[in-house]
Amino acid sequence: MRNMKFFIIFALLLFTGIGYKTYEQYHRIQDTQKLIVLNESQSLAEFISAFRQTYQDVFLRNHIDVDEKTINLLPVKTTTEISNRFSSSVQGDIVIRTVSDRPRNADNMANDFELEMIQYFKKNPKETHKFIQKEDVYHYTKPLLIKQSCLQCHGKREDAIPSIRDKYEDAYDYKLGDIRGLLNIKIKERDFFTAMYSDFTDTVISTILLYIIFLIIIYILIQKMRAKDQQYTQQLETDIETKTYEIKKQKEAFETLFEKSSDGILIIDDGKFIQCNEKIVEMLHYNSKEDLLNVHPSELSPEFQPDGRRSYEKAEEMMSLAIESTGHQFEWVHTKANGENFLAEVTLTPITLNNRNVIHVVWRDISDKKKAQEKLIEQKDILHYQAHHDTLTGLPNRILFNDRLEHGIEQAKRHKKKLALFFIDLDHFKQINDSLGHQVGDRVLVAVTERLKAKIRKEDTLARLGGDEFTIIMENLKKIQNASLLAQKIQEVLTQPLHIEGHTLYISCSIGISLYPQDDTDANHLIKYADAAMYKAKEEGRNNFQFYSSEMTALAFERVVMEASLRQALKKEEFMLYYQPQVDANSGKLIGMEALIRWQHPVMGLVLPVKFISLAEETGLIVEIDRWVMKTAMKQIYKWYQEGLEPGVLALNLSMRQLRSDDFIQILQESMTAINFKPEWLELEVTEGQMMKKPEEAIIKLEQISNMGIEIAIDDFGTGYSSLAYLKRLPVNKLKIDQSFVRGVPDDKEDVAIVKAIIALAKSLKLDLIAEGVETDAQKEFLLECGCENIQGYYYGEPMPADEIEKKCFDVWDRDFKGNL
């Protein structure tokens, strides 16, 4: 290959030299041709000039008159005739013209080219001649200047020779040195020039032939040399091919794992970077691999890691662990070229490269992943706090209060301690709201909160249940008298005047107290007893406190009567189902309905679930009630589908007692089979708080339900405390935003924040959403804007019996029609 390159370079150089010599010789021939023609032209010009001058002097010296006979002997006549004969004798190869721009003889009038040359000499008086080649003709032009002897014929007319003056009317008034005319000698290229070029062409062709022959000889010699080289290298190439194939495979595998990796990769040898891929250069914001490889590893980390240890000390430990265990993975904070820190997942693997023990380092940027996790945790914490604290006072709300009370009872039971539960209600607080407005009322509640905080111990829990109702859980109660003492302090501090917005206000409170274990050991009973004692305090004239006593057990009689009535209600078929529509707010289409139970009591009339569901759960009757609701609702939905209607998905509330029953799955399957009810028609709603009491058990049962093709929704989401880890594991399809949060949007900032957080959480977990309790157009538009399209509430329709649903909900859903619901 090298010989061939040499041959090509030599051939090009030789060709260039020959070409240059040929070009030079060609131009030399052209110059010779021009020189010959120029010399020939100058000789003819000098001859013509001498001829004209001789004839002119003869006429003037001998005083020959110009007449019809002698005029033909003048130079102006004889020169033209001699030139024509000369041109004819040389077959027109040479033409001599003596012309003027003001001729006395029309035959001597200059043509366009000659006129152009006359003007040229007039503009350039120092020029004595002009030699020009136009195509295959050479022109030698020379100006004819007025001399002293010329003035006798071409000077002033009155001074001219009489015979001339009488003969010609024009061509006078010339001055000495003026251009009278032009001598134009045209010479065509002739045969002997053609012969010169022919000889030149023959020489060039001969040279090229010799050049080609010479190159062919050299090429043959080189080919023989190449044949020997090929014979020598053939065996070597065969040996190399095997090695090259192996290396190629290794290289391809290395490039795939190294260069094409989506992670940053570095090779460390003896504490120095020796190799890296483009991804790590990009990740660390360096300009090139060379820049990164010249950096010391210590420059890629801050001085300290998040755990407080120095980076170089911890790095040495990580390297040692990797070498000892043939690999180690950990999280590490690195520093980019621009000084920005980021979190990476680092994997160290000892390998052998080029017979040296090196460390293969893989970096994966997990900054975004960590931020997303932190953001989810933050949202969950915010949501949890907002769901468990009162937005006005920051105190624990009813949900957290119940949790604290359960926990306090467990602690008192474990350590055999006493506990007091205070129910505090502000006296005549409604009058403040009605007369001075809610803004002043809110400030009163905040002031009361601060005064109550100042009187309780650190281990006590102060909560606001709503409105002007506060509770205090007093744990580690040593003496009942301590509860009385705290009640007295509360009454004293609250009776002190409040100064709010220019108003001086006086308030008091009524306090009810129940005791554990003296009054009861159940949290719900203690709450009821404290509430009953509080009402007893109001009956006693307010501004006092009362302990629960056996005299108040009469208040529990209503519960006994209600329980007996509940047991008879199932037998007497006093329960009935109402259905509340669920609507896609974008299209107005009915997408489903929730079945809600009502109790048509023969004495109390229509009883809402809030009055008896908690009692049903406590007594266990909820299981029978739930099963009746499930079968009745399924039959109704199936009937509507058979009639060609589109009721959508049936939403049923599922109690945890029902879910935990051993035969629930079997009964559910049997009911669906008996009614021909399709799984996709059913959605079961489970409350968040109840489900999280025994999450592992709930997950197992809910997965069985989900495997049947039935969707699962978390009801009243946000009011309980659900772990994000459990929420991800649950086979949940939908979150239901509780009406307590929907009620305040879009005006209440806290409710807005909670609803937005729930929607964001649902989207991040890819769950469907529905909001309940929607009553106004502003609430609907806010939910749509935030991304919640499914709506349930009085805005679209209140709960209705089946016959009213048929009349009002199975037509085109428009706002005018909904206004009639």
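Me: Contact here means heavy atoms within 4.5 Å. With that in mind, which strands does helix α14 lie across?

Reply: The model is a predicted one. In this model helix α14, residues 480-494, lies across β10, β12, β15 and β16. Its direction relative to β15 is about 165 degrees, on a scale of angles that runs from 0 to 180 degrees between N-to-C directions.

Me: In what order do the strands of that sheet stand, and is the sheet open or closed?

Reply: As a general idea, strands of a sheet pair through backbone hydrogen bonds, either parallel or antiparallel. Here five strands form an open sheet in the order β11-β12-β10-β15-β16, and the pairing is mixed. The edges are taken by β11 (461-466) and β16 (545-547); each has a single partner strand, so one side of each is left without a neighbour in the sheet. From one strand to the next, the twist averages 20 degrees.

Me: How many bridges join β10 and β15, and in which sense do they pair?

Reply: The pair is antiparallel and extends over 8 bridges. One position to inspect is Leu419, which stands opposite Tyr516 in β15.

Me: What kind of peptide bond joins Tyr516 to the residue Pro517?

Reply: The general expectation is that most peptide bonds are trans. Tyr516 and Pro517, however, are joined by a cis peptide bond with omega at about 0 degrees. Pro517 belongs to the loop between β15 (509-516) and α15 (523-539). A further cis bond leads from Val745 to Pro746, with omega near 0 degrees. Pro746 is placed in the loop between α24 (739-742) and α25 (749-764).

Me: Which sign does phi take at His428 and at Asn476?

Reply: Most residues other than glycine have a negative phi. His428 has a positive phi, near 55 degrees, and Asn476 likewise has a positive phi near 55 degrees. His428 sits in the loop between β10 (418-426) and α12 (429-436), whereas Asn476 is part of strand β12, residues 469-477. To read their exposure, recall that partly exposed covers the range between 20% and 50% relative accessible area. His428 is partly exposed because its relative accessibility is 44%; Asn476 is partly exposed because its value is 41%.

Me: In what order do the strands β5 to β9 form their sheet?

Reply: These 5 strands form an open sheet in the order β6-β5-β9-β8-β7, with antiparallel pairing. At its edges stand β6 (272-276) and β7 (328-335), each with a single partner strand, so each has one side without a neighbour in the sheet. Neighbouring strands are turned by 35 degrees against each other on average, direction ignored. Within the sheet, β8 (residues 341-353) and β9 (residues 356-365) run antiparallel and are joined by 10 bridges. Ala344 stands opposite Asp365 in β9.

Me: Which helix lies across β5, β7, β8 and β9?

Reply: Helix α9, residues 311-324, does so, running at about 155 degrees to β7.

Me: How does strand β22 pair with β21 and β23?

Reply: Strand β21 (residues 682-687) runs parallel to β22, and 5 bridges join them. Thr687 stands opposite Asp715 in β22. Strand β23 (residues 734-737) also pairs with β22 in the parallel sense, over 3 bridges, and Ile714 stands opposite Leu735 in β23. Strand β22 (residues 711-717) is largely enclosed by the rest of the structure, because 5 of its 7 residues are buried.

Me: Is Ile179 buried or exposed, and why?

Reply: Buried means under 20% relative accessible area. Ile179 therefore counts as buried, at 13% relative accessibility. Ile179 belongs to strand β4, residues 179-188. Leaving aside neighbours within four places in sequence, the contacts of Ile179 include Ile118, Phe121, Pro143, Leu144 and Tyr174. Leu144 is 35 residues away from Ile179 in sequence, yet their C-alpha atoms are 5.6 Å apart.

Me: Which residues make the nonpolar surface patch?

Reply: Ile208, Ile212, Ile216, Tyr219 and Ile220 make a patch of about 420 Å². Ile212, one of these, lies in helix α6, residues 191-257. Its relative accessibility is 39%, so Ile212 counts as partly exposed.

Technical notes: Residues numbered from 1 in each chain as written. Predicted model: local features only at pLDDT ≥ 70, side-chain atom pairs only at ≥ 80, totals over all residues. Heavy atoms only, no water. Patch = residues over 30% accessible without salt bridge, like charges linked within 9 Å, V, L, I, M, F, W, Y side chains within 5 Å. Areas by Shrake-Rupley, 256 points an atom, 1.4 Å probe, with all protein chains shown as cover. Salt bridge = Lys/Arg side-chain N within 4 Å of Asp/Glu carboxyl O. Helix = DSSP H or I, 4+ residues; strand = E, 2+ residues; numbered from the N terminus. Buried < 20%, exposed > 50% of the residue type's maximum accessible area, 1.4 Å probe, protein only. Pairing = 2+ DSSP bridges.
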